[in-house]
Amino acid sequence: MDFFETLAARIDAVDSVVSVGLDPDPSRLPDHVADADLPRWAFNRRIIDATHEHAACYKPNAAFYEDPDGWRALRETAAYAEGKGVPVLLDAKRGDIGNTARRYAEALDWVDGITVNPYLGRDSLQPFLDRADKGVFALCRTSNPGGADLQDLELASGEPLYERVAALADVWNANGNVGLVVGATAPEELETVREIVPEIPFLVPGVGAQGGDAEAAVEHGLASRPDLPVDVGLVNSSRRIIFAGEESSRPDDEATYFGAAGDAAKRLKKRLNRHR
Ligand SMILES: O=C(O)c1cc(=O)[nH]c(=O)n1[C@@H]1O[C@H](COP(=O)(O)O)[C@@H](O)[C@H]1O
């Protein structure tokens, strides 16, 4: 099965397009995992146990694992998620010259998909695109306040840069494994990009802690592909799910703390499903 077939099967099985972002900021980890050998892995394992029934995928962001223990924690986390039958999308936003990109693409040996930065152009993405069974999500219109600084710039043709990226994604999609990252904080751009590429699934971050538009995320983020049984796309929330326990009635109680993450994932699933 290729990535989007796997993802469609998962979305269908759990009736969810929720991507749970595994961004275990060490400064926010609860005491329950403080004494573990790898606290981030101990934390993620409990989060996965609490949320997997509602997760279409897990999206660990590499920034939270960029040290020796971090990479061990990430590998354990990815293997555990796979064991639960949940695809893993490594949010690494890679993009470099071809020789280097080939090395970066080796991460795809142990995850199902990756995010890439398309700014260096086609040859920088080719080693990822060539992995036909792996998902490759290219940044198109990001959710951060500065996303407009470069991505909205008008080209000589009159189209903004993010629209050109969307059009290029179609060209890069010979293996049917390309997705686009479009933030929920830019609902109008989401709609525009969907018009340009009707069949490309989006990863839509920015709902939850960044206050993005969940309705627009679902309405425009999911793509109908004739070969897939359900509309496919992902709406990601990280902090609002994994740290929901901080706001629970008893954060010091482990079951209550992690139960809150499960509840948050379930709530987001239901909210998104109202618009699917
Ligand atoms: O590629 C991403 O996932 C991404 C793109 C983008 O435009 N905005 C964005 O927030 N993200 C990532 O999505 C996650 C959002 O986290 P929360 O704001 O806690 O839900 C982080 O891992 C971000 O790095």
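**A50 and helix α2**

I looked up A50 to start. A50 lies in helix α2, which covers residues 39-51 (helices are DSSP runs of H or I with at least four residues, strands are runs of E with at least two, both numbered from the N terminus). I noted the model as a predicted one, where local features need pLDDT of at least 70 and side-chain atom pairs count only at pLDDT 80 or more, while totals for chains, interfaces and linings use all residues. Numbering runs from 1 along each chain as its sequence is written, and side-chain values use heavy atoms, with hydrogens and water left out.

Is A50 buried or exposed? I put A50 down as partly exposed, because its relative accessible area is 24% (buried is under 20%, exposed is over 50%, partly exposed is in between, with a 1.4 Å probe and protein chains only). I then paired A50 with A265. These two are 215 residues apart along the chain, yet 8.9 Å separates their C-alpha atoms.

**Ligand site**

Next I turned to the ligand. Its shell holds 18 residues (a residue is near a molecule if one of its heavy atoms lies within 4 Å of it). D23, S143, Q210, S238 and R239 are the closest. I sorted the shell by type: six residues are nonpolar, seven polar and five charged (Ala, Val, Leu, Ile, Met, Phe, Trp, Tyr, Cys and Pro count as nonpolar, Asp, Glu, Lys and Arg as charged, and the others, Gly among them, as polar). Strands β3 (89-94) and β8 (234-237) each give at least two residues to this shell.

Which atoms come up at S143, S238 and R239? At S143, a side-chain N or O atom is 2.6 Å from a nitrogen atom of the ligand. At R239, a side-chain N or O atom is 2.6 Å from an oxygen atom of the ligand. At S238 the partner is in the backbone: an N or O atom there lies 2.9 Å from a ligand oxygen. I then checked cover. Alone, the ligand exposes 500 Å², and the protein buries 90% of that (areas by the Shrake-Rupley method with a 1.4 Å probe).

**Positive phi**

I searched for positive phi outside glycine. D15 has phi near 50°. D15 is in the loop between α1 (3-14) and β1 (18-22). I list D15 as partly exposed, because its relative accessible area is 43%.

K93 also came up, with a positive phi of about 50° although K93 is not a glycine. K93 lies in strand β3, and that strand supplies at least two residues of the ligand shell. Is K93 buried or exposed? K93 counts as partly exposed, because its relative accessibility is 38%.

**G85**

I went on to the loop between α3 (68-83) and β3, where G85 is found. G85 has a relative accessible area of 44%, so I count G85 as partly exposed. I compared G85 with A56. They are 29 residues apart in sequence and 9.5 Å apart in space, C-alpha to C-alpha.

**D253 and F258**

Last, I followed the chain into α11. D253 is in the loop between α10 (239-242) and α11 (254-273). At 23% relative accessibility, D253 is partly exposed. The side chains of D253 and T256 are joined by a polar contact of 2.5 Å (a pair of N or O atoms within 3.5 Å; within protein, one must be able to donate a hydrogen and the other to accept it, and residues adjacent in sequence count only if both atoms are side-chain atoms). D253 and G183 are 70 residues apart in sequence, and 34 Å lies between their C-alpha atoms.

F258 is in helix α11. I list F258 as buried, because its relative accessible area is 5%. F258 and S237 are 21 residues apart along the chain, with 16 Å between their C-alpha atoms.
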